[in-house]
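Subject: Structure handover and findings

Hello,

Here is the structure I promised to send over. Please open it alongside this note, which goes through what turned up.

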Amino acid sequence: QVQLEESGGGSVQPGMSLTLSCRASGFTLRHSLYCLGWFRQAPGKEREPLITRSSGGATIYADVVKGRFTISQDNTQNTLWLQMNDLKPEDTAMYYCAVRFGLDKCELESPTRFAYWGQGTQVTVSS
């Protein structure tokens, strides 16, 4: 059974950093064909893709986070990480990781394409 579990959210001031994690179970990052994504959803807004990463390592960043957010993974821990630097109030949202399986090209794409989701972790940026 595929499961994703995010953690690491919190409340920070503008300019600070946070690191989110997404622990996967039911499949292995090392041996599966997948597209993993980080998404966020602010109150009253649609869920938006931030970063996608294929099993081959190809990574795409949305312009809104490019240069500030970095994705990485630890195959031994079966965990995906999201390092977020220089956080801004507009980064306030619920953050989710998601995965879909298969050979389709991994791009910044609609959340409807992703079959498995974590429960989300809240990030609040406020002075």
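How many salt bridges does the count come to? The answer is nine. Bear in mind that this is a predicted model.

**Salt bridges**

Start with Glu48 and Arg40. Their side chains meet in a salt bridge, 2.7 Å from N to O. The two partners differ in burial class: Arg40 is buried, with a relative accessible area of 5%, whereas Glu48 is partly exposed at 31%. This pair also belongs to a network of salt bridges that links Arg40, Glu48, Arg68 and Asp91.

Asp86 and Lys88 form another salt bridge, with an N to O distance of 3.5 Å. Here Asp86 is partly exposed, with a relative accessible area of 37%. Lys88 is partly exposed too, at 28%.

Arg113 and Asp104 also pair through their side chains, at 2.9 Å from N to O. Arg113 has a relative accessibility of 38%, so it counts as partly exposed.

**A buried arginine without a salt bridge**

Now look at Arg53. It lies in strand 5, residues 48–54. Arg53 is buried yet has no salt bridge. Why does Asp74 not serve as a partner for Arg53? Asp74 is the nearest side chain of opposite charge, but it is 11 Å away. A salt bridge needs the nitrogen and the carboxyl oxygen within 4 Å, so this pair does not qualify.

What the side chain of Arg53 does have is a polar contact with the side chain of Gln73, at 2.8 Å. Leaving aside neighbours within four places in sequence, Arg53 is in contact with a list of residues that includes Tyr34, Leu36, Thr59, Ile71 and Leu80. Cys35 and Cys106 are also among the contacts of Arg53. Those two cysteines come up again below.

**Disulfides**

A search of the whole structure finds two disulfides. With bonded cysteines counted along the chain, the pattern is 1-3, 2-4.

Take Cys22 and Cys97. Their sulfur atoms are 2.0 Å apart. The torsion about the S-S bond is about 75 degrees, so this disulfide is right-handed. Cys22 sits in strand 3 (residues 18–25) and Cys97 in strand 9 (residues 93–101), so the link ties together parts that are 75 residues apart in sequence. Are these cysteines buried or exposed? Cys22 is buried, with a relative accessible area of 2%. Cys97 is buried as well, at 0%.

Then there is the disulfide that joins Cys35 to Cys106, with an S to S distance of 2.0 Å. It is right-handed, with 65 degrees about the S-S bond. This pair links distant parts of the chain, 71 residues apart. Cys35 is in strand 4 (residues 34–41). Cys106 is in the loop between strand 9 and strand 10 (116–117). Cys35 counts as buried at 1% relative accessibility. Cys106 is buried with a relative accessible area of 9%.

**Around strand 3**

Strand 3, which holds Cys22, has two pairings to check. Strand 1 (residues 3–7) pairs with strand 3 in the antiparallel sense, over five bridges. In that pairing, Leu4 stands opposite Ala24. Strand 3 also pairs with strand 8 (residues 79–84), again antiparallel, over six bridges. There, Arg23 stands opposite Thr79.

Best wishes

Note on methods. Residues are numbered from 1 along each chain as its sequence is written. This is a predicted model: local features need pLDDT of at least 70, side-chain atom pairs count only at pLDDT 80 or more; totals for chains, interfaces and linings use all residues. Side-chain values use heavy atoms; hydrogens and water are left out. Helices (H or I, at least four residues) and strands (E, at least two) are DSSP runs, numbered from the N terminus. Buried means under 20% relative accessible area, exposed over 50%, partly exposed in between (1.4 Å probe, protein chains only). Lys and Arg count as positive and Asp and Glu as negative; His and the chain ends are not counted. A polar contact is a pair of N or O atoms within 3.5 Å; within protein, one must be able to donate a hydrogen and the other to accept it, and residues adjacent in sequence count only if both atoms are side-chain atoms. Contact means heavy atoms within 4.5 Å. A disulfide is a pair of cysteine sulfur atoms within 2.5 Å. Two strands pair if DSSP finds at least two bridges between them.
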